[in-house]
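Biologist: I would like to learn how to read a few features in a structure. Could we go through them together, one at a time?

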Amino acid sequence: MSLLEVQNVSKTFHTDHGPVHAVRDVSLSVAQGECLAVVGESGSGKTTLANMILGILAPSSGRLRFDGADLPSRRLPDHRRAIQLVQQNPLSSLNPKRTIGASIRLGLDTYGIGDRSGRWRVVEEALDAVGLPPAMRKRAPSSLSGGQRQRVGIARALACDPRIVVLDEPTSALDVLVQARVLRLLNDLRVSRGLTYVFITHDLAVVRNVADRVAVFKSGQLVETGTTEAIFTNPRDPYTRSLISAVPVVDDDELSLRNSLAEGT
Ligand SMILES: Nc1ncnc2c1ncn2[C@@H]1O[C@H](COP(=O)(O)OP(=O)(O)OP(=O)(O)O)[C@@H](O)[C@H]1O
Ligand SMILES: [Mg+2]
């Protein structure tokens with residue numbers, strides 16, 4: 001069953017230089033438990049689509065459906081809780097003046113999750129779930145490594161007990177080894193919690209590791225969707241072919257190295 005449906009959605013920004021058609025008549029669906037990768041060059045409309053799914057932006061036209069019902073532009077707290085974001089840059093998305101525990105707790109207070117006395121325990125469980133020591137909740141974001149911060153960003157989304165997580169380039173700011181570990185963590189969490197991911201990335205090597213299906217964007221339009229295997233083995237659209245041919249070739253040795261590193265985390 002589709003958990004999320006995007007039906008004929010468009011978004012036009014009206015700027016001083018005229019209209020910008022950031023997303024044009026896009027329709028796609030994401031099944032419960034699935035990881036849909038959204039790929040496409042810079043400026044192709046990926047973040048704009050994400051912001052509409054999250055309710056940060058209202059579509060200019062079209063509609064969004066979640067769990068069989070229309071998603072209103074003004075989201076109910078339940079919707080905001082159920083659809084969470086993990087951003088690219090964890091440092092800029094975490095308030096430097098708050099401890100990381102306080103940042104994670106904010107969502108729990110906002111959505112009234114658990115009783116007040118139990119919320120620090122939920123925060124600690126969320127840190128534990130992403131492989132960080134629960135005592136880390138007292139630390140400032142500036143004292144963490146990039147990989148640790150990204151785990152905090154994931155913990156913050158998870159603590160709200162979401163159904164869908166929109167990940168906007170979640171590993172792009174990380175070096176390749178940390179990236180492999182975070183991807184592995186994201187895969188494990190999806191399976192163990194039955195989560196659904198909309199995974200935005202420009203990195204097709206990442207797509208191959210995490211996605212069940214792929215949606216390819218170009219200039220605000222969806223040019224192709226298909227299973228990850230079909231997209232990589234038999235891309236139909238010339239644009240998809242050009243994206244795939246631009247992926248650096250990963251040889252078997254490098255692949256098994258990456259896998260064994262991810263294995264060890
Ligand atoms: N608030 C805005 N006002 C005007 N134009 C915008 C606004 N937000 C995005 N755009 C434009 O819409 C288009 C799509 O932008 P978007 O950020 O969705 O692309 P993207 O695929 O996420 O790119 P990137 O890979 O660089 O993150 C771009 O032309 C961008 O300049
Ligand atoms: Mg973007």
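**Reading the sheet**

Modeller: Happily! Strands β7 (residues 164–168) and β8 (residues 196–200) run parallel and are joined by 5 bridges. Please keep in mind that this is a predicted model.

Biologist: Which residue in β8 is the bridge partner of V166?

Modeller: The general idea is that strands of a sheet pair through backbone hydrogen bonds, in a parallel or an antiparallel way. Here V166 has V198 in β8 as its bridge partner.

Biologist: In what order do the 6 strands of the open sheet come?

Modeller: Reading across, the order is β6-β7-β8-β3-β9-β10, with mixed pairing. At the edges stand β6 (83–86) and β10; each has a single partner strand, so one side of each has no neighbour in the sheet. From one strand to the next, the twist averages 20°.

Biologist: Now the backbone angles, please. Which value does phi of N8 take, positive or negative?

Modeller: As a general guide, most residues other than glycine have a negative phi. N8 is a residue other than glycine, yet its phi is positive, near 50°. You will find N8 in strand β1 (residues 2–15).

Biologist: And where does S219 lie?

Modeller: S219 sits in the loop between β9 (213–218) and β10 (221–227). S219 is not a glycine either, and its phi is positive at about 45°.

Biologist: How should I read the relative accessibility of N8?

Modeller: Values between 20% and 50% count as partly exposed. N8, at 43% relative accessibility, is therefore partly exposed. S219 is partly exposed too, with a relative accessible area of 35%.

Biologist: Let us turn to rings. How many aromatic pairs does the count give?

Modeller: A pair of aromatic rings is described by the distance of the centres and the angle of the planes. In this model the count is 0 aromatic pairs. Charges over a ring are another matter: R105 lies over the face of W120, 4.9 Å from the ring centre. R137 also lies over the face of W120, at 4.4 Å from the ring centre.

Biologist: Finally, which residues surround ligand 1?

Modeller: Among them are F13, T15, V20, E41, G43 and T47. For polar contacts, look at the atom pairs. An N or O atom in the side chain of S42 is 2.5 Å from an oxygen atom of ligand 1. K46 has a polar side-chain atom 2.8 Å from an oxygen atom of ligand 1. With S44, a polar backbone atom is 3.2 Å from an oxygen atom of ligand 1.

Notes:
Residues are numbered from 1 along each chain as its sequence is written. Chains are lettered from A and ligands numbered from 1 in the order in which they are written. This is a predicted model: local features need pLDDT of at least 70, side-chain atom pairs count only at pLDDT 80 or more; totals for chains, interfaces and linings use all residues. Side-chain values use heavy atoms; hydrogens and water are left out. Helices (H or I, at least four residues) and strands (E, at least two) are DSSP runs, numbered from the N terminus. Buried means under 20% relative accessible area, exposed over 50%, partly exposed in between (1.4 Å probe, protein chains only). Two strands pair if DSSP finds at least two bridges between them. Axes are lines fitted to C-alpha atoms, for helices over the stretch in contact, and angles run from 0 to 180 degrees between N-to-C directions. Rings of Phe, Tyr and Trp (its six-membered ring) pair if their centres lie within 6.5 Å; planes under 30 degrees apart count as stacked, over 60 as edge-to-face and the rest as tilted. A charge sits over a ring if NZ of Lys or CZ of Arg is within 6 Å of the ring centre and within 35 degrees of the ring normal. A residue is near a molecule or strand if one of its heavy atoms lies within 4 Å of it. A polar contact is a pair of N or O atoms within 3.5 Å; within protein, one must be able to donate a hydrogen and the other to accept it, and residues adjacent in sequence count only if both atoms are side-chain atoms.
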